[in-house]
Amino acid sequence: KGYKSANIIGRAGNNNPSSKEILITAHFDTYRRNNPGASDNASGVAVMLELARYFKKNENKLNCVLKFVAFGAEEVGLKGSFHYVENMSEADIDRAIVMINFDSLSVGDKLYIHAGFNEKTWARDEMLRLIRLRKLPIEMQPGLNPHYPAGFTPDWFSDYTAFNQAGIPIV
């Protein structure tokens, strides 16, 4: 049996086609057996949508483009995000400053932040600086084992994978 899925894309910011882009993403599908849909991933979608609402109202203050992408088919092999990246041109990849992915924000013991194994960590490090400055209850992922070191996340856990493999910094 086959299924269909789609990605939903919104944007805020200027209309200059050469503007740098920040991708803010979450997946909207769920897999009932693993986690309730409220945590995986309505929590991520809610945060993404609130950011989209805020920045659309304030887009005249942006000097870049914010692209909001809700991916389908994450729970069945990250298909939506891989489809998105496979359809990015080289120019699109060059314009992508960072991909910020929200997934399962309401589960676990703490909110963690990490970078991808492509070792482009500037975005994670800048976010950690802002987190400390504002005393937010978010920490760097502390490391679970040698394959999951502190501050990094291996591929295949969420939609960041395709972007990480394309050389785009992820958080």
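In this predicted model, strand S2 (21-27) and strand S3 (residues 65-71) run parallel to each other and are joined over seven bridges. One of the pairings links His-27 to Phe-71, its bridge partner in S3. Phe-71, which belongs to strand S3, is buried, with a relative accessible area of 0%. Phe-71 also illustrates how the fold brings distant parts of the chain together: Phe-71 and Thr-25 are 46 residues apart in sequence, yet their C-alpha atoms are 7.3 Å apart in space.

The S2 and S3 pair is part of an open sheet of four strands, arranged in the order S1-S3-S2-S4 with mixed pairing. Strand S1 (8-13) and S4 stand at the edges and have a single partner strand each, so one side of each is left without a neighbour in the sheet. From one strand to the next, the twist averages 20 degrees. In general, the strands of a sheet pair through backbone hydrogen bonds, in either a parallel or an antiparallel manner.

**The largest pocket**

The largest pocket holds about 1500 Å³ of space. It is lined by 49 residues, of which Asn-101, Phe-102, Leu-105, Tyr-112 and Ile-113 are the closest to its centre. Two or more lining residues come from each of strand S2 (21-27), H1, strand S4 (96-102), strand S5 (111-113) and H4. Among these elements, H4 gives the most to the lining, with seven residues. By residue class, the lining of this pocket divides into 30 nonpolar, ten polar and nine charged residues. Strands S2 and S4 therefore appear in two settings, as members of the four-stranded sheet and as contributors to the pocket lining.

**Salt bridges**

Seven salt bridges are found in a search of the whole structure. Side chains of opposite charge can pair when their charged atoms come close. Three of the pairs are set out below, including the distance between nitrogen and oxygen.

| Pair | N to O distance | Relative accessible area |
|---|---|---|
| Glu-50 and Arg-53 | 2.5 Å | Glu-50 41%, Arg-53 39% |
| Asp-125 and Arg-124 | 2.8 Å | Asp-125 34%, Arg-124 8% |
| Arg-129 and Glu-126 | 2.6 Å | Arg-129 43%, Glu-126 32% |

Glu-50 and Arg-53 lie three residues apart in helix H1 (residues 38-57), and this spacing separates them by about one helical turn. Glu-50 counts as partly exposed, and Arg-53 is likewise partly exposed.

A comparable spacing is found in helix H4 (residues 122-134), where Arg-129 and Glu-126 are three residues apart, or about one turn of the helix. Arg-129 is partly exposed, as is Glu-126.

The salt bridge between Asp-125 and Arg-124 joins residues of unlike accessibility. Asp-125 counts as partly exposed at 34% relative accessibility, whereas Arg-124 counts as buried at 8%, because buried means under 20% relative accessible area.

Helices H1 and H4 thus each hold a salt bridge between residues about one turn apart, and both helices also give residues to the lining of the largest pocket.

Conventions
Residues numbered from 1 in each chain as written. Predicted model: local features only at pLDDT ≥ 70, side-chain atom pairs only at ≥ 80, totals over all residues. Heavy atoms only, no water. Salt bridge = Lys/Arg side-chain N within 4 Å of Asp/Glu carboxyl O. Buried < 20%, exposed > 50% of the residue type's maximum accessible area, 1.4 Å probe, protein only. 1 Å grid on protein atoms, 1.4 Å probe; cavity = no way out; pocket = protein on both sides within 12 Å on 5 of 7 lines; lining within 4 Å. Points joined across faces, edges and corners; volume = space filled by probe spheres on them. Nonpolar A, V, L, I, M, F, W, Y, C, P; charged D, E, K, R; others polar. Pairing = 2+ DSSP bridges. Axes fitted to C-alpha atoms, helices over the stretch in contact; angles between N-to-C directions.
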